[in-house]
Protein chains: 2
Amino acid sequence: MDKFLEAAMQEAQKGLDEGGIPIGSVLVIDGKIVGRGHNQRVQKGSAVLHAEMDCLENAGRLSAVDYQRATLYSTLSPCDMCSGAILLYGIPKVVIGENQTFCGPEAYVRSRGVDVSVLNEPKCRELMEAFIQKHPQLWNEDIGV
Amino acid sequence: MDKFLEAAMQEAQKGLDEGGIPIGSVLVIDGKIVGRGHNQRVQKGSAVLHAEMDCLENAGRLSAVDYQRATLYSTLSPCDMCSGAILLYGIPKVVIGENQTFCGPEAYVRSRGVDVSVLNEPKCRELMEAFIQKHPQLWNEDIGV
């Protein structure tokens, strides 16, 4: 597996171990991980800390020139909110573990000039499939359905 | 001024008094304010807690049926990230104080079925204009430019 996606998977696993929703994310600038995060709905009772948001929050306040050479990795296709954060900060590249269990507005994000890659990593998909089967209500809450 | 926009303005003023970026937001369900928030970039070193996000976070974990009858008020036009949060949770109505100092993707949000009203409230615009003139760099950081 891509080493940065592997790091995002470790975050997802950490979330699962904490009793949370297993989605992880890392932000990479110049080949280095500058932020890591995972979904915090259960752990912090958070409505906004999806994995990508937690990752951006943990990366701290960055300037536009930093974001403009960053790549955001996520184990799952970013939702509308997380996609919006990517667009706000002009992050030019997004690498997604899988988009089979959930698919965000990838076409719209691409139309705004972002390079979106989907790696179709079975391990990411299997982790989410197992979680959704076990906790459908929690999962629905997380994606607003 | 609309009483809920007035409450959002009080949040903006609170942010300014704390040394932060003066943008405020409230979430209203069935005529009651269920969450209040203001931009937390300075106060919490936050990259994700724009006013609307802070408001949604403070409202706590809600179910889809709650969001679906909510109205989000913001003193300023919601950026890509905050607009994405509105879309994620299916919030059907957004009321904006002003969109002259900054304008988010209002047309896109409308195209996704959200009722977006802009009240063009001079007090909201004047507060932002004065802030941007005083702190242009901080403001640019907040909107990723």
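Hi everyone, this is a short walk through a predicted model with chains A and B.

A word on conventions: residues count from 1 along each chain as its sequence is written, with chains lettered from A and ligands numbered from 1 in the order written. Local features need pLDDT of at least 70 and side-chain atom pairs 80 or more, while totals for chains, interfaces and linings use all residues, and side-chain values use heavy atoms, without hydrogens or water.

Let's start with how the copies relate. A turn of 180° and a shift of 0.0 Å along the axis lay chain A on chain B with an RMSD of 0.0 Å (a least-squares fit on C-alpha atoms of residues with pLDDT of at least 70 in both). That is a two-fold axis. The copies meet through the same surface, because 100% of the interface residues of chain A are also interface residues in chain B.

Now, which way do the two copies of helix 5 run? Helix 5 of chain A and helix 5 of chain B are roughly antiparallel, which here means an angle over 145 degrees. Their axes, lines fitted to C-alpha atoms over the stretch in contact, with angles from 0 to 180 degrees between N-to-C directions, pack at about 170° and lie 7 Å apart. Among the residues in contact (heavy atoms within 4.5 Å) are M81(A), G84(A), M81(B) and G84(B).

Finally, salt bridges: a Lys or Arg side-chain nitrogen within 4 Å of an Asp or Glu carboxyl oxygen. The count is 18 over all chains. One of them joins D115(A) to K93(A), with the closest N and O atoms 3.6 Å apart.

Terms used:
Helix = DSSP H or I, 4+ residues; strand = E, 2+ residues; numbered from the N terminus. Parallel < 35°, antiparallel > 145°, perpendicular 65-115°, else oblique.
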